[in-house]
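User: I have a sequence and a model of its fold in hand. Please walk me through it, one question at a time.

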Amino acid sequence: MIAIESARPSDLPAVRDLIESVGLPLDGFGEVPTEVFVAREGESVVGTASLETHGGDGLLRSVAVDELWRGDGIGDALVRAAEVQAHRIGLAAVYLLTDTAGEFFAGRGYLVIDRDAGPVPIMASIEWSVACGETAIPMMLPAAAIANS
Ligand SMILES: CC(C)(COP(=O)(O)OP(=O)(O)OC[C@H]1O[C@@H](n2cnc3c(N)ncnc32)[C@H](O)[C@@H]1OP(=O)(O)O)[C@@H](O)C(=O)NCCC(=O)NCCS
């Protein structure tokens, strides 16, 4: 039975290990206000997603599911948890950069935007300005879609 919930401080080493194991950057992770979600199976963390707050917008990053657990809706549930949180705390939109999962996010309503078209605080984030290379696709989920999630 998988539980999707906010990470406990004791989860953070496993969360970092999982993010690293799927090849996503850890630069700046946890250095700004961040809500970290985990998918827990027993005592094991099998998935994670993080929502950073930058100004009035959210930055979704570090969405990762253990290879053995993929294809069962865990990634979808983690992203949804982050979106619900974004709506709950009144963020205007959720932004992300991805090299590997553009179709996954497009299927959830995210729109491709120009890299220099994000809000200034989002573009100043470590993820946007340093961690993700030029090939990463910038995407945004509009506020209306968050409200409906
Ligand atoms: C992307 C990822 C989080 C998806 O996790 P998951 O638990 O397998 O996702 P789900 O089971 O919720 O999949 C939902 C749908 O997205 C599809 N999908 C999953 N990963 C995908 C990807 N990388 N590209 C395109 N589609 C993808 C699934 O086939 C599924 O489609 P369906 O509903 O039509 O069957 C997982 O593949 C992963 O950890 N990848 C490595 C890290 C990564 O790329 N993270 C995203 C960058 S922030």
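**Sheet, helices and ligand shell**

User: In which sense do β4 and β5 pair, and which residue of β5 is the bridge partner of L59?
Analyst: This is a predicted model. β4 and β5 pair over 2 bridges, and the sense is parallel. For L59, the bridge partner in β5 is Y95.

User: Is β5 largely enclosed or open?
Analyst: Look at the two sides of β5. V94, L96 and T98 point one way, Y95 and L97 point the other way, and all are buried. In a regular strand, side chains alternate between the two faces of the sheet. In β5, 5 of the 5 residues are buried, so the strand is largely enclosed by the rest of the structure.

User: How many bridges join β5 to β7, and which residue in β7 is the bridge partner of T98?
Analyst: β5 and β7 run antiparallel, joined by 5 bridges. β7 is itself mostly covered, with 4 of its 5 residues buried. The bridge partner of T98 in β7 is I137.

User: Which residue in β7 stands opposite L111?
Analyst: β6 and β7 run antiparallel and are joined by 2 bridges. Opposite L111, in β7, stands M140.

User: What is the order of the strands in the sheet, and which are the edge strands?
Analyst: The sheet is open and has 7 strands, with mixed pairing. Their order is β1-β2-β3-β4-β5-β7-β6. Two strands pair on one side only, which makes them the edge strands: β1 and β6 (residues 111-112).

User: About what angle does the direction of each packed helix make with that of β3?
Analyst: Helix α1 packs on the sheet, where it touches β2, β3 and β4; its direction makes about 90 degrees with that of β3. Helix α2 (residues 74-88) also packs on the sheet. It touches β1, β2, β3, β4, β5 and β7. For α2, the angle with the direction of β3 is about 30 degrees.

User: Is β1 buried or in the open, and which residue of β2 is the bridge partner of E5?
Analyst: β1 covers residues 2-6, and the number buried among its 5 residues is 0, so the strand lies largely in the open. It is joined to β2 (residues 34-41) by 5 bridges, and the two run antiparallel. The bridge partner of E5 in β2 is V38.

User: Which residues of α1 are buried, where do they lie on the helix, and which strands do they pack against?
Analyst: In α1 (residues 12-21), the buried residues include V15, L18 and I19. Seen down the helix axis, the buried residues of α1 fall within an arc of 100 degrees, so they line one face. An α-helix has 3.6 residues a turn, so residues three or four places apart point the same way. The buried residues of α1 pack against β2, β3 and β4.

User: Which exposed residues sit on the face of α1 turned away from its buried side?
Analyst: Start with the chain just after α1: G23 there has a positive phi of about 85 degrees. On the helix itself, the face turned away from the buried side carries exposed residues. They are P13, D17 and S21.

User: Where is S62, is it buried or exposed, and about what is its phi?
Analyst: S62 is found in strand β4. With 26 other C-beta atoms within 10 Å, S62 is buried, because the cut-off for that is 20 or more. S62 is not a glycine, yet its phi is positive, at about 55 degrees.

User: Which residues come nearest the ligand, and which elements give two or more residues to the shell around it?
Analyst: There are 17 residues around the ligand, and R70, G75, D76, T100 and E103 come nearest. The elements giving two or more residues to this shell are β4, α2 and α3 (residues 102-106).

User: How many residues of the shell around the ligand are nonpolar, polar and charged?
Analyst: The shell residues divide into three classes. The split is 8 nonpolar, 5 polar and 4 charged.

User: Where is T100, is it buried or exposed, and how far in space is it from R40?
Analyst: T100 is in the loop between β5 and α3. It has 12 other C-beta atoms within 10 Å, so T100 is exposed. T100 and R40 are 60 residues apart in sequence. C-alpha to C-alpha, their distance in space is 23 Å.

User: Is V130 buried or exposed, and how far apart are the C-alpha atoms of V130 and P25?
Analyst: V130 is in helix α5 (residues 126-131). It has 11 C-beta neighbours inside 10 Å, so V130 counts as exposed. V130 and P25 are 105 residues apart along the chain, and their C-alpha atoms are separated by 9.9 Å.

How values were computed: Residues numbered from 1 in each chain as written. Predicted model: local features only at pLDDT ≥ 70, side-chain atom pairs only at ≥ 80, totals over all residues. Pairing = 2+ DSSP bridges. Arc of directions from axis to C-beta. Contact = placed C-beta atoms within 7 Å. Axes fitted to C-alpha atoms, helices over the stretch in contact; angles between N-to-C directions. Near = placed C-beta within 6 Å. Nonpolar A, V, L, I, M, F, W, Y, C, P; charged D, E, K, R; others polar.
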